[in-house]
Structure formats: structure tokens, C-alpha cells
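Please look through the sequence and the structure shown here, and then follow the report below, which moves from one pair of residues outward to the sheets and the domains.

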Amino acid sequence: MPELPEVETVRAELSGLVVGKKVEEAKMLREKNLLSDPKVFSSNLANATIIAIKRKGKCLRFDFDNGYSLYSHLRMEGKYFLKKAEEEYDRFDLMDLRFTDGTSLRYNDVRKFGKLSLELTKDSDTSSPFSKIGPEPFDVDGAYLRKIWKGKTTPVKIALLDQEKISGIGNIYDSEILYFTKIHPTTPVKDIPLEDCENIIKESRRILHEAILAGGSTIKSFNHGGIDGMFQTKLAVYGKEGEPCPTCGRPLQRRFIGQRSAYFCPMCQKAPDGKLILGLAGPIHCGKSTLAAYLEEAGYLHFDADKVASKLYDEKEVATQIKVLLGDEAYAGNKLNRDYVREALANDKKKKKAVQKLLYPLVKEKAKEFIAKTKNGSKVLLDVPLLYEAEMEDLCSYVILLDAPLEERKQRLEKEGRPTESLVKLNEEYNVEAKKKKADYLIENDGTLDELKQAFDNLGF
Ligand SMILES: [Zn+2]
């Protein structure tokens, strides 16, 4: 989606191309995208000359010499093309301004989300589309943000996207702005001190300004790609999940906040509660409990998902549902019949999936409760073998995947005098290679206990 710099680039490019041109005929090809009266649109634009193109936030305004203005919001994919008037329409052309010089300005929109509206030109008109757009970061200071955010618990990531309060910043630049101000995207805006608000304005201006400069110089061809202002600008974090943070080198993270994706560095942008949450995943008998014990010694608060899951079976509501899925034999009286359940799950993939679907969200809830109860600044270890299956990676600052060679894991099992034949099967199901791609850190537990501890220490947490 174009943000302020892209729309500014479109404005500047278009100004050079169409200001001074006189409209011969104006056609709205898809009336749904026109918010004003279509008849007024055609009759008032015929014979009118474009005298200026202005912009507020992400909205464009074409001013005409007859006192009318055409507002244009590009939304997701809106583009302008200047073509020869006789060229055929593209199926995504939604509007056509045919000029007296034989050229034609087409508004083209593949997603068809863009909006146009013809209104009387009045800068101070409270009913114009511009009046609903908040000030740009260039027009306000930190005190303004402090004032509008007072008492509000909205995460800053979302607050910066509210175009009625502050305009021009979209999903890309708000990730960049928060990264450079070292503010975590979930921080409630009421907790952002004046100094940080001032920093947000300062960085917003700098980043938007640099992007405007970059945009002005990198548009190659409006004939082929259309004028949409999108360009490759140097981004520090946006779209770079898993890549090293330019400041500290740790992998950048992506999380959904209010259904928008936020890219950030959990180390450089400390969570508002100051907690460090390490997720630990890994296949059976890879040494997770050994590592977990070491982390406990180091002060990590240990959430043991296996223990939590096994306790969940004893809860009355869970038991009722397990009985529905696996039969009454799953419990002997009030006690879980572990052997029966193990057998039932091993032999029936569908039932296993159904039980997992029941338990995973409950384990995740317990993990959230566990984290919530810890003090600010705590270090938490979420020890969850099936962390990805339970979709718990979004609770973690970082995920460590622990792996060990299959042979060594077999030997560990044998030492405990337990059967090893199911291990191979479980290992295949665990799909450790796919998880290696997702995890932030990989520890190969193929040496001694001391080497395992050292491997963790080397991560520098
Ligand atoms: Zn960093």
C-alpha cells in the first residue's frame, strides 16, 4: 500500500505531466469507485484545466480552474497512467480524463479499492475528504502525540496507522519508525513519554523525507509500470523477518498486532514489560530437559508444556471431551488410563489430531497465564516440544530449536531401558528440518553436557 512518500512521488510526477492540461471529456468507467455524483463529475470536468495537484497524508487532490477538486485515494494498488487518448482501455482502468492535447490520464486499480470524489475546492471545508485526514508528522510535534494518546491503551503500532489522528504513515514506515526509536510495537501509547513522542516525530520526518527523496529519483518509467510511487527504498526491518538486526545482529521478528504485521527487534525494542521469553522446541530425547534444568539454575522461569498437558487431562471438562474422542476407557474412574490413551493415539492419526486440536489452545492459554504472572523483567523459558504445532512462537521473543543425532537419542532411551522402535516414527512426524528453517537459533546437542551448556551461553542471553 502506498504511504506518504509514494503518494508524494506520484503527486510530483503527475504535476510535471498534467498540470496545465485542459479536460475535453471526463469518464468514470466504474461508478462504484466514485463517491460523488457521476453526472456532476462528467459535466463539471469537461473544459476544466488542472491548475495544481496537492496531497494530504495519503490522499491526492487535483485542483481545477473552475473551482472543483478531484480527490483521489490510491488505497492498495491505485496507479495513474498517461496515455495517448486513442489507446484502448485496460480492464482495470476505472477513470479517464481525456485532454484537449490528445493525451489521456487513466486511473487504473487492479484491486479496485481506490476512491475518487469531485468536490468544490475549499481548503477549510469541514466536509471535504481532506478534513478527515489528520496532520502529517511534518505539521505536529511530540506534545501533540502525547496529548492525543493520553490515557489510551492502543498499541503504538496501531495508533500510528490511524490516519485521522496522524496521517501518511502505513504498515511499512511504522515498523521502521518504531525500530529507529527503539519502541516495542505493542507498547500502549499512554505509556510513551514525551521524549519518545518527540523522537517518533523526529524519526517519522527523517524516514518519510528520505523516502520521498529516494522515490523522486528512482521511478523509471511511468509508461510501463504506471505512476504508483512504489520504489525500492532502503528499509531496515520491514519485510526482513529472520534477517539479522542491523544494530545487534539478532534475528528480526514478525508478529501480528491487531491483524497488521509488525517487524521489530526484541533486543533493541524492549517489550513494555521487559520480559525475555525464550521458546525451546525439539524432538523427543534431544536433551531439552537437561537444557531446561540449566536455564532454571540461571534464573529462567520454566514453563514445562509436557507437564501442563498431562495435568490438563485431569481437568473435568477436558476429561469429558477426551472420553468423547477416545471412549470411556480413556479414564479408569477419575484417573487417566495412560497406557490406553498412548495406544489409542499411536494407532489412530485422526484421533491424535483431534486430541491435539483440543489440547494445544489450552496449553497456549496456560503459557499466557504463566507469562502474565511473572514479574516485569523476568526471563521465561517456554519449554514446548510442539511449539510450532501449538502456534506458540508468537509468545516468544526468540525460539531455540534443540536437536540431537538420532543414534544418540536412541542410546539415551536404551540407557533408560525403554523401547526405541517408536522413536524413529515419532522423529519422522516431528519434521525437524522444517522447524530448523523457522527457528531463530539451532543448538546441535551432539557433545557433552558442558558443550550443550556452552552452546547456550554462546547465544549471549
Ligand atoms: Zn537489534
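In this predicted model, A281 stands opposite L401, a residue of strand β16. The two residues belong to a pairing in which strand β11 (residues 276–281) and β16 are joined in the parallel sense over four bridges. Strand β16 is also joined by four bridges to strand β17 (residues 441–444), and these two strands run parallel as well; here L402 has I443 of β17 as its bridge partner.

How many of the six residues of strand β16 are buried? Six of the six residues in β16 (residues 398–403) are buried, so the strand is largely enclosed by the rest of the structure. A residue is called buried when 20 or more other C-beta atoms lie within 10 Å of its own. Both faces of β16 are covered, since Y398, I400 and L402 are buried on one side, while V399, L401 and D403 are buried on the other.

These pairings form part of an open sheet of five strands, which has the order β12-β15-β11-β16-β17 and parallel pairing. At the edges stand β12 (301–304) and β17, each of which has a single partner strand, so one side of each is left without a neighbour in the sheet. From one strand to the next, the twist averages 20°. Helix α8 (residues 288–297) lies across β11, β12, β15 (379–383) and β16, and its direction runs at about 165° to that of β15.

A second arrangement to follow is an open sheet of four strands in the order β1-β6-β7-β5, in which the pairing is antiparallel. Its edges are held by β1 (23–28) and β5 (79–84), each with a single partner strand, so one side of each is left without a neighbour in the sheet. Neighbouring strands of this sheet are turned by 20° against each other on average, when direction is ignored. Helix α2 (residues 38–45) packs on the sheet, where it touches β1 and β6, and its direction makes about 165° with that of β1. Within the sheet, five bridges join strand β6 (residues 93–99) to strand β7 (residues 103–108) in an antiparallel run, and D96 has R106 of β7 as its bridge partner.

The strand pairs described above can be set side by side.

| Strand pair | Bridges | Sense |
|---|---|---|
| β11 and β16 | four bridges | parallel |
| β16 and β17 | four bridges | parallel |
| β6 and β7 | five bridges | antiparallel |

Finally, the protein chain is divided into domain 1 (4–128), domain 2 (142–264) and domain 3 (276–457). The C-alpha centres of domain 1 and domain 3 lie 58 Å apart.

Definitions and conventions: Residues are numbered from 1 along each chain as its sequence is written. This is a predicted model: local features need pLDDT of at least 70, side-chain atom pairs count only at pLDDT 80 or more; totals for chains, interfaces and linings use all residues. Domain bounds come from an automatic or database domain assignment. A residue is buried if 20 or more other C-beta atoms lie within 10 Å of its own, exposed if 12 or fewer, and partly exposed in between; C-beta atoms are placed from the backbone. Two strands pair if DSSP finds at least two bridges between them. Axes are lines fitted to C-alpha atoms, for helices over the stretch in contact, and angles run from 0 to 180 degrees between N-to-C directions. Two residues are in contact if their C-beta atoms, placed from the backbone, lie within 7 Å.
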